[in-house]
Amino acid sequence: MSWIQNLYETYENCQSMIGISSDENEVPLLPICHTTQKAQVEIVIDVDGNFKRARVIPKSESRTIIPCTESSGGRTSGEAPHPLCDKLQYVAVDYKDFGGSKAYYFSSYQDLLRKWCDSEYSHPKAKAVLKYIEKGNVIRDLIKHQVMFAGDDGILQDKWDKKVAKEAPNSRQDDAFIRWLVEIPGDPQMATWTDLSLFESWIKYYLSIKENNALCYVKGEKIPVAEQHPRNIRRDGDGAKLISSGKTKDQKGREKVNDPAGFTFLGRFSDAGQACGVGYEVTQKAHNALRWLIGRQGYRRGDQAIVAWSIAGHDVPDPLADPFSVLGQDIIPGTSESVVFTAQDLALRLKKKIAGYNANIGNTSKIVVMGLDSATPGRMAISFYRELTGSEFLARINKWHESCAWIHDYRYVELPAQKRGATKKKYIRFVGAPAPSDIAEAAYGSRVDDKLRKTTVERILPCIIDGQKLPRDLVESAVRRASNRIGMENWEWNKTLSIACALYRKYHDKEVFNMALDESRKTRDYLYGRLLALADSLEQWALQKAGETRQTTAARLMQRFADHPYSTWRTIELALGPYKARLGGKSLKRQNMISEVTAMFAPEDYINDKKLSGEFLLGYHCQREALWNKDMEEQADEN
């Protein structure tokens, strides 16, 4: 139970963040006994429960924090009302009068709200809502003020009117979720979903009626334990739960058996309490903290979620991010085009950033890395879990970015263009490890399906956090795709090439591979990679002079060259003849470089036609970078 203990402590350390979000799309840290829902209609009433106005809520503003019970917080179907904000079938007495197609649960909603309002923990806004819903005019008022529309037969239309709802909600009109604003003289906080005093009022009332005391395995005390545990962990509408049992209780306290055949406990227990007991307040805080962390700093793709956090609440680097993402706003050059970062500059910035994290976190602070996944809609599993000290975590992140580093140029920032409102992409070169998601694309293509991407990320995560060796098949797949240049567009091939180089360098970490051209290296594969880059650049130069944009012979034959380098090199070298003649004396330097590299081969290596390893990609990339840097220097000298 260490994971839930750590999440509970995280919540306790971050209570100042409750209810705060920087934008509408960010999930806030929720108070206990609360959840979030996407609301479609907003009704404004006064303190006496009189209708004032209403509107359809834009999708960008629809996330709403609402009070909930243990049953309603985990409901998927059946009768389980929220105590304040809920769907029309709960809050509207006149739901059936206008042809509501869902089951009608107004009585249970009214009963729950009245008990809260009659308690010592009542709140003026809750009382105002109770007064209004008991008048029985919710849908009638919405139709009267043209927020909803009924047909000639008096039945609510299925679809929303686009004139009223510019962003039409996905739900039917009779399935709308309602939230409340209450106008109280002297109270500037009208919204029920941002009123901290209302949150506190419901929490005190609900905890006062919880009775089911038992041993909490997290706190080691006898306290009210949870019968059901929260859902919506990874996103809104997520029905999978981390803790689930075969028996629960409905809103009226009646036992409900989800698994009448008894397969849940396999004969070991008769009820969920014998298997595990977690305090209601503990599970609420732990699950709310996890949801907040995933939304704030986690990696999410489909059903997979991975998050790293400090229990003390300090910021930590994302283990699944590349240096570009880790640096964030620090990497954006602003609007000035004269600001230029070299790849080495960004590598130094990354080291300083990690050192800054180390200073804030400290050596002994606990860092947790947790991965979640689900095979079915209702059950979720912890697929990865590690606890590390701050110094261990940062050292492993730093080692990953150093040992799997290569020069990349596929990330960009958007800068303002000359045309008003337009933007242009500015590509940023950086040194470091690629993100696991990008590695999956390099190994299996940019259209890799989510299942394969998810599996790849899961396989790479232990390589980052535990220092395990990269899977060999992943490296070979990336090398094979990078060799097939004509099978991809140029941008995708360049991205695949740099990632394949990074993976090959990481996999063979016992050898020393420099990112700069190593002119003293005489291995067969490295030298053949250099030859291919020189031939490619010479032909590309001649084609540019002639204004042609077709691919070079070296590019077209790259896959064949990787399989049969000696025989293919003779074909490429013979094809260079016309281009040498076209360039004349200008190509002598490149021709001399080809001769110098050829002379570095051992005779038996040069005529060996066996398949090249991924090392030839390193030679190719390093030689290409060296030629590019030399051309830039020559242009600068001419200027």
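# A walk through the predicted model

Just after helix H13, Gly445 takes a positive phi of about 100 degrees. The structure shown here is a predicted model. Helix H13 itself spans residues 436-444 and is mostly covered, with 8 of its 9 residues buried. The buried ones are Pro436, Ser437, Asp438, Ile439, Ala440, Glu441, Ala442 and Ala443. An α-helix has 3.6 residues a turn, so residues three or four places apart point the same way. Which elements cover the buried residues of H13? The cover includes strands E11 and E15 together with helices H12, H14, H15 and H16, the last of these being residues 490-507.

Strand E11 leads to a sheet. Four strands, in the order E11-E12-E13-E14, form an open sheet with antiparallel pairing. Strand E11 (299-301) and strand E14 stand at the edges, and each has a single partner strand, so one side of each is left without a neighbour in the sheet. On average, neighbouring strands of this sheet are turned by 10 degrees against each other, direction ignored. Inside the sheet, E12 and strand E13 (residues 366-376) are paired in the antiparallel sense over 6 bridges. At one point of the sheet, Val307 stands opposite Met370 in E13.

Helices also pack on this sheet. Helix H9, residues 280-297, touches E11, E12 and E13, and its direction makes about 100 degrees with that of E12. Helix H12, residues 390-403, lies across E12, E13 and E14 and runs at about 100 degrees to E14. Helix H12 is also among the elements that cover the buried residues of H13.

The next topic is charged side chains. The model has 38 salt bridges. One of them joins Asp158 and Arg172, whose closest N and O atoms are 3.3 Å apart. Both residues lie in the loop between helix H6 (138-144) and strand E6 (177-183), so the pair ties together parts that are 14 residues apart in sequence. Asp158 counts as partly exposed, at 43% relative accessibility. Arg172 is likewise partly exposed, at 34%.

Another salt bridge is made by the side chains of Asp322 and Arg411, with 2.6 Å from N to O. This pair links distant parts of the chain, 89 residues apart: Asp322 is in the loop between strand E12 (304-310) and helix H10 (323-327), while Arg411 is in strand E15 (residues 406-416). Is Asp322 buried or exposed? Asp322 is buried, because its relative accessible area is 1% and the limit for a buried residue is under 20%. Its partner Arg411, at 22% relative accessibility, counts as partly exposed.

A third pair is Asp466 and Arg386, where the closest N and O atoms are 2.8 Å apart. Asp466 lies in the loop between helix H14 (450-465) and helix H15 (472-483), and Arg386 belongs to strand E14 (residues 379-389), so this salt bridge ties together parts that are 80 residues apart in sequence. Asp466 is partly exposed at 28% relative accessibility, and Arg386 is partly exposed at 29%. Salt bridges also occur as a network, which links Glu42, Arg55, Glu61 and Arg179.

Two residues have a backbone feature in common with Gly445 without being glycines. The phi of Cys33 is positive, near 65 degrees. Cys33 is found in the loop between helix H1 (2-13) and strand E1 (34-38), and it is buried, with a relative accessible area of 0%. Gln146 also has a positive phi, of about 55 degrees, although it is not a glycine. The place of Gln146 is in the loop between H6 and E6, the loop that also holds Asp158 and Arg172. Gln146 counts as exposed, because its relative accessibility is 52% and exposed residues are those over 50%.

The last stop is on the surface. Which residues make a nonpolar surface patch of about 290 Å²? Met1, Leu215 and Tyr217 make this patch. Leu215 is found in strand E7 (residues 213-215) and is partly exposed, with a relative accessible area of 44%.

Methods: Residues numbered from 1 in each chain as written. Predicted model: local features only at pLDDT ≥ 70, side-chain atom pairs only at ≥ 80, totals over all residues. Heavy atoms only, no water. Salt bridge = Lys/Arg side-chain N within 4 Å of Asp/Glu carboxyl O. Helix = DSSP H or I, 4+ residues; strand = E, 2+ residues; numbered from the N terminus. Buried < 20%, exposed > 50% of the residue type's maximum accessible area, 1.4 Å probe, protein only. Pairing = 2+ DSSP bridges. Axes fitted to C-alpha atoms, helices over the stretch in contact; angles between N-to-C directions. Contact = heavy atoms within 4.5 Å. Patch = residues over 30% accessible without salt bridge, like charges linked within 9 Å, V, L, I, M, F, W, Y side chains within 5 Å. Areas by Shrake-Rupley, 256 points an atom, 1.4 Å probe, with all protein chains shown as cover.
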